[in-house]
Amino acid sequence: MLIAGFPAGAWGTNCYVVAPAAGEECVIIDPGHQATAGVEETLRKHRLKPVAVILTHGHIDHVASVVPVCGAHDVPAWIHPADRYMMSDPEKALGRSIGMPLMGELTVGEPDDLRELNDGAELKLAGLDLTVSHAPGHTKGSVTFKMPESGDVPPVFFSGDLLFAGSVGRSDLPGGDHAELLGSLARVCLPLSDPTVVLSGHGAQTTIGHERATNPYLRQVAAGRGAAPAPRRGM
């Protein structure tokens, strides 16, 4: 398994390129602000051919490079229908202006081929098996992607802005809902096995076991208690 990740752009959003091995087909997860160069460098370094872009949610820091990446490689992008509007109207999704200095760095709009993700979908792309879980709370259309254990490689969980190392995603932007986010943590994250590797939208990788033991939000959800408002991470 090959997973190459790098933080991109003004918000340090993690973009991931995933393939069974070097020299094979791959998927690209969340090519956000200023991610195009990093994507192309990763593809060249590992001799990869992209077949799809898949998106954990529609915030501009996760989708700003979708159009150029899809256009350069003639591949589709996938997003949950509840977040599709954000592709063309990122400021509405944030409830404020994203700032004129950044506008020249953004490509707003949909790629030529945009497909919709649904809860429980099983994506078979580039020789990979990815299970989609709808996980609202950060946005209405937030999703996660899980890859099963393979040989000596533990399960891998792409959590987007639902779960971070030591924290969770913010829920104070349009479409966010803290109660929904807690419900998503309980439904999507808690059932995962402890060895599951968590690759999130921002920050370092972790495991479900570590988060179950130390993350105050997962601990409170597991105990059936409410949690304090989430810190402001991500968009």
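**Close-up 1. D113 and R115 pair up in a salt bridge.** In this predicted model, the two side chains meet with an N to O distance of 2.8 Å. How exposed are the partners? D113 is partly exposed, at a relative accessible area of 29%, and R115 is also in the partly exposed class, at 36%. A search of the whole structure turns up eight salt bridges, and the next two views show others from that search.

**Close-up 2. A salt bridge links D119 to R187.** Here the side chains come together at 4.0 Å, N to O. Which parts of the chain does this pair connect? D119 sits in the loop between β6 (114-116) and β7 (122-125), while R187 belongs to helix α6 (residues 178-189), so the contact ties together parts that are 68 residues apart in sequence. R187 is partly exposed, with 43% relative accessibility.

**Close-up 3. D194 and R212 form a salt bridge, and a separate network joins three other residues.** The D194 and R212 side chains meet at 2.7 Å, N to O. D194 comes from the loop between α6 and β13 (197-200) and R212 from helix α7 (residues 208-214), so this pair bridges parts that lie 18 residues apart in sequence. Both ends count as partly exposed: D194 has 42% relative accessibility, and R212 has 28%. Elsewhere, R84, E110 and E116 are joined into one network by salt bridges that share partners.

**Close-up 4. T56 is a buried loop residue with polar side-chain contacts.** Look for T56 in the loop between β4 (49-54) and α2 (60-63). Is this threonine buried or exposed? T56 has just 2% relative accessibility; the cut-off for buried is under 20%, so T56 counts as buried. Its side chain makes a polar contact of 2.7 Å with the side chain of D30, and another of 3.0 Å with the side chain of H57.

**Close-up 5. The wider surroundings of T56 bring in residues from other parts of the sequence.** Which residues touch T56, once neighbours within four places in sequence are set aside? The list is I29, D30, H62, G141, S142, V143, F145 and G160. D30 turns up here as a contact and is also the partner in the 2.7 Å polar contact between side chains. For another reference point, take D83: T56 and D83 are 27 residues apart in sequence, and their C-alpha atoms are 9.6 Å apart in space.

**Close-up 6. Helix α3 has a buried side and an exposed side.** Within α3 (residues 66-73), V66, V69 and C70 are buried. Why do these three end up on the same side of α3? They cover an arc of only 95° around the axis, which puts them on that one side. G71 and A72, on the other side of α3, are exposed. What do the buried residues pack against? Their packing partners are β3 (25-29), α1 (36-46), β4, α2 and β5 (77-79). Follow the chain just past α3 and you reach D74, which takes a positive phi of about 55°.

**Close-up 7. R47 and A126 have positive phi values without being glycines.** Start with R47, whose phi is about 55°. R47 is placed in the loop between α1 and β4 and is exposed, with a relative accessible area of 58%. Now turn to A126, where phi is near 55°. A126 also has a loop position, between β7 and β8 (128-134). Is A126 buried or exposed? With a relative accessible area of 10%, A126 is buried.

**Close-up 8. C26 has no disulfide partner.** How many disulfides does a search of the whole structure find? The count is zero. C26 is in no disulfide, and the nearest cysteine sulfur, that of C15, is 9.9 Å away. A disulfide needs the two sulfur atoms within 2.5 Å, so this pair doesn't qualify. C26 is buried, at 0% relative accessibility. C189 is buried too, with a relative accessible area of 0%.

Conventions:
Residues are numbered from 1 along each chain as its sequence is written. This is a predicted model: local features need pLDDT of at least 70, side-chain atom pairs count only at pLDDT 80 or more; totals for chains, interfaces and linings use all residues. Side-chain values use heavy atoms; hydrogens and water are left out. Buried means under 20% relative accessible area, exposed over 50%, partly exposed in between (1.4 Å probe, protein chains only). Helices (H or I, at least four residues) and strands (E, at least two) are DSSP runs, numbered from the N terminus. Contact means heavy atoms within 4.5 Å. A polar contact is a pair of N or O atoms within 3.5 Å; within protein, one must be able to donate a hydrogen and the other to accept it, and residues adjacent in sequence count only if both atoms are side-chain atoms. The arc is that of the directions from the helix axis to the C-beta atoms.
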